[in-house]
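The following exercises concern a single protein chain. Each task is followed by a solution that proceeds step by step.

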Amino acid sequence: MTEKELEKVTSMLRLFEDYPTWTKVKRGIFNCVIQYIESGAHEYFTSRGGNVGTYYIEPKDHNRRGFLKKYRGKKLMIMTVKHGSWNVRYDVVAVIED
């Protein structure tokens with residue numbers, strides 16, 4: 001994912017956040033975001049935090065352990081895409097290229 005693609009995704013997510021409830025339009029926007037992210041290099045993993053649609057940018061100098069350890073030295077976008085049972089969240093990670 002390039003910086004331009006990241007800007008496009010974050011603008012779509014800002015539209016997504018404008019809707020307080022899960023309407024047909026909000027689901028459609030979210031599905032577009034997921035399809036856009038899945039069109040590039042991405043990887044899913046499970047976590048325990050975050051609401052669906054929340055995201056954050058991890059800087060290059062992050063010192064994460066666990067699943068994100070293999071991405072040290074790379075700028076990342078991490079977004080929660082769905083939730084499962086027992087409060088488990090499914091996140092997607094995409095590397096942002098300079």
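**Exercise 1.** Locate D18 in this predicted model and decide whether D18 is buried or exposed.

*Solution.* Step 1: D18 is placed in the loop between helix 1 and helix 2. Step 2: the cut-off for an exposed residue is over 50% relative accessible area. Step 3: D18 has a relative accessibility of 58%, and therefore counts as exposed. Step 4: as a distance check, the C-alpha atoms of D18 and K4 are separated by 22 Å, and these residues are 14 residues apart along the chain.

**Exercise 2.** Describe the surroundings of K26 and state which side chain of opposite charge is nearest.

*Solution.* Step 1: K26 belongs to helix 2, which covers residues 24-38. Step 2: K26 is buried and has no salt bridge. Step 3: E17 is the nearest side chain of opposite charge, at 8.6 Å; a salt bridge requires a nitrogen and an oxygen within 4 Å. Step 4: the side chain of K26 does reach the backbone oxygen of Y19, at 2.8 Å. Step 5: setting aside residues up to four places away in sequence, K26 touches F16, Y19, P20 and T21.

**Exercise 3.** Determine the order of the strands in the sheet and find which helices pack on the sheet.

*Solution.* Step 1: four strands make up an open sheet with antiparallel pairing, and their order is 1-4-3-2. Step 2: strand 1 (43-47) and strand 2 (55-58) are the edge strands, each pairing on one side only. Step 3: from one strand to the next, the twist averages 30 degrees. Step 4: strand 3 (residues 75-83) and strand 4 (residues 89-96) are paired over eight bridges, with I78 opposite V93. Step 5: helix 1 (residues 3-17) packs on the sheet and touches strand 2, strand 3 and strand 4, its direction making about 35 degrees with that of strand 3. Step 6: helix 2 also packs on the sheet, where it touches strand 1, strand 3 and strand 4; its direction makes about 135 degrees with that of strand 3. Step 7: strand 2 and strand 3 pair over four bridges, in the antiparallel sense, and I57 of this pairing stands opposite M77.

**Exercise 4.** Is T80 buried or exposed, and which side chain does T80 join in a polar contact?

*Solution.* Step 1: T80 is found in strand 3. Step 2: its relative accessibility is 4%, so T80 counts as buried, the cut-off being under 20%. Step 3: the side chains of T80 and D91 are joined by a polar contact of 3.0 Å. Step 4: beyond its neighbours within four places in sequence, T80 is in contact with several residues, among them F30, G49, V52 and Y90.

**Exercise 5.** How many salt bridges does the structure hold, and which parts of the chain does the pair of K75 and E3 tie together?

*Solution.* Step 1: the structure holds three salt bridges. Step 2: in one of them, K75 and E3 have their closest N and O atoms 3.1 Å apart. Step 3: K75 lies in strand 3 and E3 in helix 1, so this pair ties together parts 72 residues apart in sequence. Step 4: E43 and K70 form another salt bridge, with closest N and O atoms 3.0 Å apart. Step 5: this pair links strand 1, which holds E43, to the loop between strand 2 and strand 3, which holds K70, 27 residues apart. Step 6: R64 forms a salt bridge with E58, at 3.1 Å between the closest N and O atoms. Step 7: R64 is partly exposed, at 33%, whereas E58 is buried, at 10%.

Conventions. Residues are numbered from 1 along each chain as its sequence is written. This is a predicted model: local features need pLDDT of at least 70, side-chain atom pairs count only at pLDDT 80 or more; totals for chains, interfaces and linings use all residues. Side-chain values use heavy atoms; hydrogens and water are left out. Helices (H or I, at least four residues) and strands (E, at least two) are DSSP runs, numbered from the N terminus. Buried means under 20% relative accessible area, exposed over 50%, partly exposed in between (1.4 Å probe, protein chains only). Lys and Arg count as positive and Asp and Glu as negative; His and the chain ends are not counted. A polar contact is a pair of N or O atoms within 3.5 Å; within protein, one must be able to donate a hydrogen and the other to accept it, and residues adjacent in sequence count only if both atoms are side-chain atoms. Contact means heavy atoms within 4.5 Å. Two strands pair if DSSP finds at least two bridges between them. Axes are lines fitted to C-alpha atoms, for helices over the stretch in contact, and angles run from 0 to 180 degrees between N-to-C directions.
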